[in-house]
Amino acid sequence: MKKKRIGAVLYIGICFLFFYLPIVVTMIYSFNSSKSLTRFESFSLRWYENLFTNGEIMNAVYVSVTIALLATAISTILGTLTAIGLSKSRRILKELIINVNNIPIMNPDIVTAISLMILFSSLKMEKGYLTMLLAHIAFCTPYVITSVYPKVRNLDPNLANAAMDLGATPFQALTKVILPMLKEGIYAGILLAFTMSFDDFVISYFVTGNGVSNISIIVYNMTKRTNPTINALSTLVILVIVITLVFVQVIPLLARRKREQGEALAEMGEINEIDGMQKEERI
C-alpha cells in the first residue's frame, strides 16, 4: 500500500515537474542580464525595459487584449442567444444546427484559417484588425454555444411563460429569469472564448495584414532570433493569469464567509431577542 502511494506521489511529482519546470526556467531567465538562454550571468531588468519601450510589442499586446475582449463579448451574446433559441426550435433543425456547430470545433485550426483567408479574399476585404476580429468571433462562438446549451436544456421550458404571466416583459423574462439561471454556462463560455482568442496563433496568422499582429505572432517572429524579451513577456502573462486565478478563487470565498458570518450574527440576534422576551415574560 505504501509503495503504491509513493509511486503515485512520484508520478504526480514528475508530471508537475514536466509541466511547470519550463515555466520556472522562463521566469528566471527573464531576469538574466545577458542574451544567453542557457547561462545566467547576473540579475537585471534589462529585458523588461526593452519590453515596455518596444512599440511593436506594446501594440501587439493592445491588439491581443482588445480583440480577445471584443470577440469574447460578441461571441458570448451570439452563442447564448443561439443556445436559447435552439431550445425552442424543432428537433430536426436543432440537431442540424448542433452538428454544424461542432464542425468548427472538430476542424483543425489550419483548415479553419485557410477557409477564412479565402473567404476574406473572395469578399475583397482588406486584411487587418477587422478580419482578425471577425475570425476570432467565428471560431469562439461555437465554444460558447457548447458551454451554454447544456444549461438551457436543464431549464423548465415553461419558465419564461410563467414569468410573463406574472407581468414580466419578454426582455425582463430573458434578463432577470433565464440568464441568471444560465450564468454558470455563460461564465464557462466567457473564459473559454477569451482563452481561445488570446492564445490563438494559426488563424490570426492567416487572416491578419497591414502590420497588425497579436502576441502570438510577435512571439513567433521573435523565435527566429535570440531575443530574451520573450521571457519577460511570458513572465508577465503568467503573472496576470496567476493573479486572475487567485482573484477568482479568493473573492467567492470571502463573499461566502461574509455571508455565513452575517447569517450567524442574524441567528445570534434572534436568539438574544427570544431570550429577552422570555426574561420579560418571567418578570
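Me: Is Arg91 buried or exposed in this model?
Reply: Arg91 is exposed, with a relative accessible area of 65%. Do keep in mind that the model is predicted. The call follows from the cut-off, because exposed means over 50% relative accessible area.

Me: Which side chain does Arg91 meet in a salt bridge?
Reply: The general idea goes like this: side chains of opposite charge can pair when their charged atoms come close. Here the partner of Arg91 is Glu95, at 3.1 Å from N to O. How many salt bridges does the structure hold? There is one.

Me: Where do the two partners lie?
Reply: Both are in helix 4, which covers residues 91–106. Glu95 and Arg91 are four residues apart, about one turn of the helix. Glu95 has a relative accessible area of 41%, so it is classed as partly exposed.

Me: Let's turn to Ser36. Why is Ser36 called buried?
Reply: Buried means under 20% relative accessible area. Ser36 comes out at 17%, so it is buried. As for its place in the chain, Ser36 sits in the loop between helix 1 (2–29) and helix 2.

Me: How far apart are Ser36 and Asn231?
Reply: That depends on how you count. Along the sequence, Ser36 and Asn231 are 195 residues apart, while in space their C-alpha atoms are 12 Å apart.

Me: Now pockets, please. How much space lies in the largest pocket?
Reply: About 940 Å³. The lining of the largest pocket has 25 residues, and the closest to its centre are Phe198, Val237, Ile238, Val240 and Ile241. Elements that give two or more residues to this lining are helix 2 (46–53), helix 3 (55–87), helix 9 (183–199), helix 11 (215–222) and helix 12 (229–282).

Me: Which helix gives the most to that lining, and what classes of residue are found there?
Reply: Helix 12 gives the most to the lining of the largest pocket, with eleven residues. By class, this lining has 18 nonpolar, six polar and one charged residues.

Me: What is the volume of the second largest pocket?
Reply: About 260 Å³. Of the 15 residues lining the second largest pocket, Ile84, Ser87, Lys88, Pro157 and Ile178 are the closest to its centre. Two or more lining residues come from each of helix 3, helix 6 (129–153), helix 7 (159–165) and helix 8 (170–181).

Me: And the leading helix and the classes there?
Reply: Helix 8 gives the most to the lining of the second largest pocket, with four residues. The classes in that lining are eleven nonpolar, one polar and three charged residues.

How values were computed
Residues are numbered from 1 along each chain as its sequence is written. This is a predicted model: local features need pLDDT of at least 70, side-chain atom pairs count only at pLDDT 80 or more; totals for chains, interfaces and linings use all residues. Side-chain values use heavy atoms; hydrogens and water are left out. On a 1 Å grid over the protein atoms alone, a cavity is a set of points where a 1.4 Å probe fits but cannot get out, and a pocket is an open set with protein on both sides within 12 Å along at least five of seven lines; lining residues have an atom within 4 Å of a point. Grid points are joined across faces, edges and corners, and a volume is the space filled by probe spheres set on the points. Ala, Val, Leu, Ile, Met, Phe, Trp, Tyr, Cys and Pro count as nonpolar, Asp, Glu, Lys and Arg as charged, and the others, Gly among them, as polar. Buried means under 20% relative accessible area, exposed over 50%, partly exposed in between (1.4 Å probe, protein chains only). A salt bridge is a side-chain nitrogen of Lys or Arg within 4 Å of a carboxyl oxygen of Asp or Glu.
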